[in-house]
Amino acid sequence: MLPDCRCGVLQQADGSATCDLGKSSVLVAVYGPCGVRINKELHDKAMLDVSVQYAISRQDDNLALIKRMITRACEKTISIHMHPHTAISVAVLIKKEDEHLLSCALTACCVAMLDAGLSMTSTFGAVSVNPSPASEQTASGEVTLVMDCRNSQLICYHCTVGLTKHQFLDAVRLAQTELSELTKVYRTIMSNKLSWLTSDN
């Protein structure tokens, strides 16, 4: 299943995107690189600030997981060392959720960062797959893998159930196949943006 994404949806943000995947719907705003208070600035890289919340305020263990995964993906792909003494903020708003929420949020973040024009070593893609159960007695579960779109290397992952080594490798292979399709989605979004900017001028 491929996401339905749009970029440039918020005028006041440096970059923004919406993403719908399954019944999940997420809005992301990106700000920066911008100035930061002296007591928070880092001398060798940009400070990365990720916030995640629901449109209707409530606490959920998923928030910490989503924030951790997004932070990891951003640290691996944004050229934060090019912007010392600054801050880059990524604000994630969850409007609707289902089992695709994690992939949806990560995808929206990548599109919003592309929209912001951040310097990145690569884009990243989040793919959720269901590897085959090891046996009839083994429960099947979902694994979400975040991968570098340039070389298909794994950045981080989250499993809803324990997986055998064979199941995990099977999940990686499935994700790598879907990653190429997700990369095409990114290219289409950016191509449409550039076409719109060109025609507008």
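The following exercises, each with a worked solution, concern a predicted model of a protein chain.

**Exercise 1. Determine how many helices and strands the protein chain has, and in which pattern they follow one another.**

Solution. Begin with the count: the protein chain contains 3 helices and 8 strands. Next, read along the sequence, where the pattern is β-β-β-β-α-β-α-β-β-β-α.

**Exercise 2. Decide whether the radius of gyration of the protein chain agrees or disagrees with that of a compact globule.**

Solution. First, take the expected value: for 201 residues, a compact globule would have a radius of gyration near 17 Å. Second, take the value of the model: the protein chain has 17 Å, and therefore the two agree. For the extent of the chain, the C-alpha trace spans about 55 × 45 × 35 Å along its principal axes. As to burial, 45% of the 201 residues are buried. The accessible surface amounts to about 10,900 Å², and carbon and sulfur atoms account for 49% of it. Finally, consider contacts between residues at least 6 apart in sequence: 66% of these join residues at least 24 apart.

**Exercise 3. State how many positive and negative side chains the protein chain has, and how far apart the centres of the two sets lie.**

Solution. There are 18 positive and 20 negative side chains. The centres of these two sets are 4 Å apart.

**Exercise 4. Check the span of helix 2, and establish how many of its residues are buried.**

Solution. Helix 2 covers residues 101-116, which is 16 residues. At 1.5 Å a residue, the helix should span 22 Å. The C-alpha atoms at its ends are 22 Å apart, so the expected span and the model agree. Turning to burial, 14 of the 16 residues of helix 2 are buried, and the helix is thus mostly covered. Just after helix 2 comes Gly 117, with a positive phi of about 75 degrees.

**Exercise 5. Classify Met 113 as buried or exposed, and list the residues that it touches.**

Solution. Locate the residue first: Met 113 belongs to helix 2. Its relative accessibility is 0%, and buried means under 20%, so Met 113 counts as buried. Leaving aside residues up to four places away in sequence, Met 113 touches Val 30, Cys 74, Ile 78, Leu 118, Met 120 and Phe 124. A further separation can be given for Ser 16: this residue is 97 residues from Met 113 along the chain, while their C-alpha atoms are separated by 7.4 Å.

**Exercise 6. Classify Asp 148 as buried or exposed, and name its contacts.**

Solution. Asp 148 is placed in strand 7, residues 143-148. Its relative accessible area is 8%, which is why Asp 148 is classed as buried under the 20% limit. Not counting residues up to four places away in sequence, its contacts are Ser 122, Thr 123, Gln 153, Ile 155 and Leu 179.

**Exercise 7. Identify where a cis peptide bond joins Gly 32 to another residue, and give the phi values of His 85 and Ser 152.**

Solution. Start from the general expectation: most residues other than glycine have a negative phi, and most peptide bonds are trans. The bond between Gly 32 and Pro 33 is cis, with omega about 0 degrees. Pro 33 lies in strand 3, residues 24-35.

His 85 is not a glycine, yet has a positive phi of about 65 degrees. His 85 sits in the loop between helix 1 and strand 5, and its relative accessibility of 37% makes it partly exposed.

Ser 152, likewise not a glycine, has a positive phi of about 60 degrees. Ser 152 is found in the loop between strand 7 and strand 8; at 24% relative accessibility, Ser 152 counts as partly exposed.

Key
Residues are numbered from 1 along each chain as its sequence is written. This is a predicted model: local features need pLDDT of at least 70, side-chain atom pairs count only at pLDDT 80 or more; totals for chains, interfaces and linings use all residues. Side-chain values use heavy atoms; hydrogens and water are left out. Helices (H or I, at least four residues) and strands (E, at least two) are DSSP runs, numbered from the N terminus. The radius of gyration is taken over C-alpha atoms; the globule rule is 2.2 Å times the number of residues to the power 0.38. Buried means under 20% relative accessible area, exposed over 50%, partly exposed in between (1.4 Å probe, protein chains only). Contact means heavy atoms within 4.5 Å. Accessible areas come from the Shrake-Rupley method with a 1.4 Å probe; for residues, only the protein chains shown count as cover. Lys and Arg count as positive and Asp and Glu as negative; His and the chain ends are not counted. The place of a charge is taken as NZ of Lys, CZ of Arg, CG of Asp or CD of Glu. The expected span of a helix is 1.5 Å times one less than its number of residues.
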